[in-house]
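Reader: I would like to learn how to read a few features of a structure. Where do we begin?
Author: With the model itself, then one feature at a time.

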Amino acid sequence: MKTKETILEPELMIEELMYYIHQNEMGGDCIDPDNRFFPLYLELQKLLDKLNNERHDLYVSVKNDESKLS
């Protein structure tokens, strides 16, 4: 019996929802701008990009932290 794993990471939840929309509502081949779910798919992509950029910005700021004493 296959069990579903609980996903608590926001990025992973967004990716799973985008995958579901793409496969089940858009046919899985290409992204159709005329599909009724396209605006939602686009907003989810923007949110995912924003979250990934914030995580990258945080990583860069910590990695390049020059406030440490040598």
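Reader: Is K50 buried, exposed or partly exposed?
Author: This is a predicted model. K50 has a relative accessible area of 46%. Exposed would need over 50%, so K50 counts as partly exposed.

Reader: Which side chain does K50 meet in a salt bridge?
Author: First the general idea. Side chains of opposite charge can pair when their charged atoms come close. Here, K50 pairs with E54, at 2.8 Å from N to O.

Reader: How are E54 and K50 placed along helix α2?
Author: They are four residues apart, so about one helical turn separates them. E54 is also partly exposed, with a relative accessible area of 41%.

Reader: How many salt bridges are there by this rule?
Author: The count is two. In the other bridge, E43 meets K46, and the N to O distance is 3.3 Å.

Reader: How far apart in helix α2 are E43 and K46?
Author: Three residues, so again about one helical turn. E43 has a relative accessible area of 46% and is partly exposed. K46 is likewise partly exposed, at 46% relative accessibility.

Reader: Let us turn to the interior. Which residues make up the largest nonpolar core?
Author: The general idea comes first again. In soluble globular proteins, nonpolar side chains tend to be buried together. In this model, the largest nonpolar core has eight residues: I14, M18, I21, M26, Y41, L44, L48 and L51.

Reader: Which elements give two or more residues to this core?
Author: Helix α1, residues 10-25, and helix α2, residues 38-63. The largest share comes from α2, with four residues.

Reader: Take one core residue, L44. What is L44 in contact with, leaving aside neighbours within four places in sequence?
Author: L44 is in contact with I14, L17, M18 and I21. Of these contacts, I14, M18 and I21 are also listed in the largest nonpolar core.

Reader: Now H22. Is H22 buried or exposed?
Author: The cut-off for buried is under 20% relative accessible area. H22 has 15%, so H22 is buried. This residue, H22, is found in helix α1.

Reader: Which residues is H22 in contact with, once neighbours within four places in sequence are set aside?
Author: H22 is in contact with G27, G28, D29, C30, I31 and Y41. One of these, Y41, also belongs to the largest nonpolar core.

Terms used. Residues are numbered from 1 along each chain as its sequence is written. This is a predicted model: local features need pLDDT of at least 70, side-chain atom pairs count only at pLDDT 80 or more; totals for chains, interfaces and linings use all residues. Side-chain values use heavy atoms; hydrogens and water are left out. A nonpolar core is a set of buried Ala, Val, Leu, Ile, Met, Phe, Trp, Tyr and Cys residues joined through side-chain atoms within 4.5 Å. Buried means under 20% relative accessible area, exposed over 50%, partly exposed in between (1.4 Å probe, protein chains only). Contact means heavy atoms within 4.5 Å. A salt bridge is a side-chain nitrogen of Lys or Arg within 4 Å of a carboxyl oxygen of Asp or Glu.
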